[in-house]
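Please open the model in your viewer and keep the sequence beside it, since each stop on this tour begins with something to select.

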Amino acid sequence: MILPIIMPKNNILTDARVPISGALTQKLINILYNKYLKHGAEFSIDLPDLHKILNIANNGVYRKHMLIALKQLQYPIEVRNYTDLKGEEVLWMSCAFLTRAKIQKKYKDRMHFVIDKELVHALEQKEHYTLIDIQTVNKFKSKFGIVLYEMYLRYKDMKKKNIQKNMTYQTFTIDELNKKFHTKYKYQSDIIKVIKKGIDEIKKITDIEIQYFWNKYEKRFEFHWFKVEKKAEFEDDYYAFLKHIRTFCVDDFLINFENKKGTIRVSCNEFGKLYDIDSPTKKILATNSKKIWLYMFEHQNQMLCLKQSRFEF
């Protein structure tokens with residue numbers, strides 16, 4: 001089973017307007033930003049791997065589409081209110097997400113990327129994030145579905161007045177939605193067609209229901225949904241438990257596990273494999289790992305990292 005990649009996406013990018021972008025461009029932002037979080041502003045990706053992550057064929061047609069999408073990431077996005085590399089306060093900056101993307105002759109199946117260094121510097125100063133499930137986003141076929149789904153993830157637990165406690169909402173003008181979608185609709189009757197397309201796709205892929213309507217007095221679209229229950233899903237779902245540990249508890253002490261050879265102080269590495277903190281170079285056999293995973297799932301009350309996580313929900 002391949003577990004989803006949960007990425008903390010900086011809200012500068014979640015809210016950014018990416019000109020002339022399609023679904024492929026939106027997906028590439030997430031993948032490249034995730035690589036940046038792990039490897040810094042310069043990194044390389046094997047193109048067959050990139051096609052696999054995007055769930056597209058590794059052939060000339062799709063590669064052409066991908067190169068067009070990468071060029072779109074060199075169009076400007078806007079950043080406000082940060083301190084630049086020289087220590088000067090900046091009110092507004094326009095820059096590309098990607099400074100460079102290139103394929104060398106001797107490595108035809110590998111692409112090297114460089115993300116704008118001042119953009120990276122600005123992103124590091126912004127502390128608000130939205131957790132994005134990259135594999136779920138990559139199932140979408142339209143940019144409207146992706147934009148609205150990431151909007152939902154950004155505001156899904158927002159506290160609002162004058163609405164029942166288990167619901168929340170977010171509003172946008174037509175102009176604001178046009179900027180997000182990169183469209184030029186003038187009337188609500190026109191833009192509502194692509195809103196419905198995006199909402200229907202969200203329902204189909206995630207089973208999340210989002211209601212929307214046009215507030216003619218405020219001249220804004222309102223999007224409403226039920227908040228997710230605060231109970232941690234991993235408490236009674238084994239696979240959600242695996243996902244949570246492998247995403248949020250990497251290299252943390254998990255639990256003491258007794259076996260014939262003594263006590264193992266269990267932890268989990270970035271690849272989702274269990275290891276003994278006291279002997280990190282010794283591998284825990286797969287058969288023993290299954291027993292330990294099940295033991296941890298059944299003894300969650302003994303795991304301090306989960307107790308801390310519950311306070312964060």
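In which strand does Leu131 lie? This is a predicted model, and the tour begins by selecting Leu131, which belongs to strand β7, residues 129-133. With a relative accessible area of 45%, Leu131 counts as partly exposed, because that value falls between the limits of 20% for buried and 50% for exposed. If you set aside the neighbours within four places in sequence and display what remains in contact with Leu131, you will find Ile6, Met7, Pro8, Leu153 and Phe248. Now add Lys143 to the selection and draw the C-alpha to C-alpha distance: Leu131 and Lys143 are separated by 12 residues in sequence and by 18 Å in space.

Next, select Asn138, which is found in the loop that runs between α6 (134-137) and α7 (143-155). Is Asn138 buried or exposed? Its relative accessible area is 8%, so Asn138 is buried. Apart from neighbours within four places in sequence, the residues in contact with Asn138 are Lys27, Ile31, Ile53 and Leu54.

From there, turn to the sheet made of β2, β6 and β5. These three strands form an open sheet in the order β2-β6-β5, and their pairing is antiparallel. The edges are taken by β2 (42-46) and β5 (98-102), each of which has a single partner strand, so that one side of each is left without a neighbour in the sheet. On average, and with direction ignored, neighbouring strands here are turned by 20 degrees against each other.

To follow the pairing in detail, colour β2 together with β6 (residues 110-115); the two run antiparallel and are joined by five bridges. Within this pair, Glu42 stands opposite Val114 of β6, and Asp46 stands opposite Arg110, also in β6. On the β5 side, four bridges join β5 to β6, again in the antiparallel sense, and Lys102 has His112 of β6 as its bridge partner.

Now bring the helices that accompany this sheet into view. Helix α2 (residues 23-39) lies across β2, β5 and β6, and runs at about 125 degrees to β2. Helix α3 (residues 47-54) also packs on the sheet, where it touches β2 and β6, and its direction makes about 80 degrees with that of β2.

Keep α2 displayed and switch on a cavity representation. How many cavities of 30 Å³ or more does the structure hold? There is one, and the space in this largest cavity comes to about 130 Å³. Its lining consists of 15 residues, and those that lie nearest the centre are Thr14, Ala16, Gln26, Val147 and Glu150. The elements that contribute two or more residues to the lining are α1 (11-14), α2 and α7; of these, α7 gives the most, with five residues.

The next selection is the second sheet on this tour, built from β11 to β14. Its four strands form an open sheet in the order β11-β12-β13-β14, with antiparallel pairing. Here β11 (255-259) and β14 (279-283) stand at the edges, and since each has a single partner strand, one side of each is left without a neighbour in the sheet. Neighbouring strands in this sheet are turned by 50 degrees against each other on average, direction ignored.

Within this sheet, highlight β12 (residues 262-268) and β13 (residues 274-276), which pair in the antiparallel sense over three bridges. One residue pair to label is Ser267 with its bridge partner Tyr275 in β13. Then add helix α11 (residues 286-298), which packs on the sheet and touches β11, β12 and β13, its direction making about 130 degrees with that of β11.

For the last stop, select the cysteines and show their sulfur atoms. How many disulfides does the structure hold? The count is zero. Cys305 illustrates this: the nearest cysteine sulfur belongs to Cys249 and is 3.6 Å away, whereas a disulfide is counted within 2.5 Å. Cys305 is buried, because its relative accessibility is 6%, a value under the 20% limit. Finally, move to Cys95, which is likewise buried, with a relative accessible area of 9%.

Methods
Residues are numbered from 1 along each chain as its sequence is written. This is a predicted model: local features need pLDDT of at least 70, side-chain atom pairs count only at pLDDT 80 or more; totals for chains, interfaces and linings use all residues. Side-chain values use heavy atoms; hydrogens and water are left out. Buried means under 20% relative accessible area, exposed over 50%, partly exposed in between (1.4 Å probe, protein chains only). Two strands pair if DSSP finds at least two bridges between them. Axes are lines fitted to C-alpha atoms, for helices over the stretch in contact, and angles run from 0 to 180 degrees between N-to-C directions. Contact means heavy atoms within 4.5 Å. On a 1 Å grid over the protein atoms alone, a cavity is a set of points where a 1.4 Å probe fits but cannot get out, and a pocket is an open set with protein on both sides within 12 Å along at least five of seven lines; lining residues have an atom within 4 Å of a point. Grid points are joined across faces, edges and corners, and a volume is the space filled by probe spheres set on the points.
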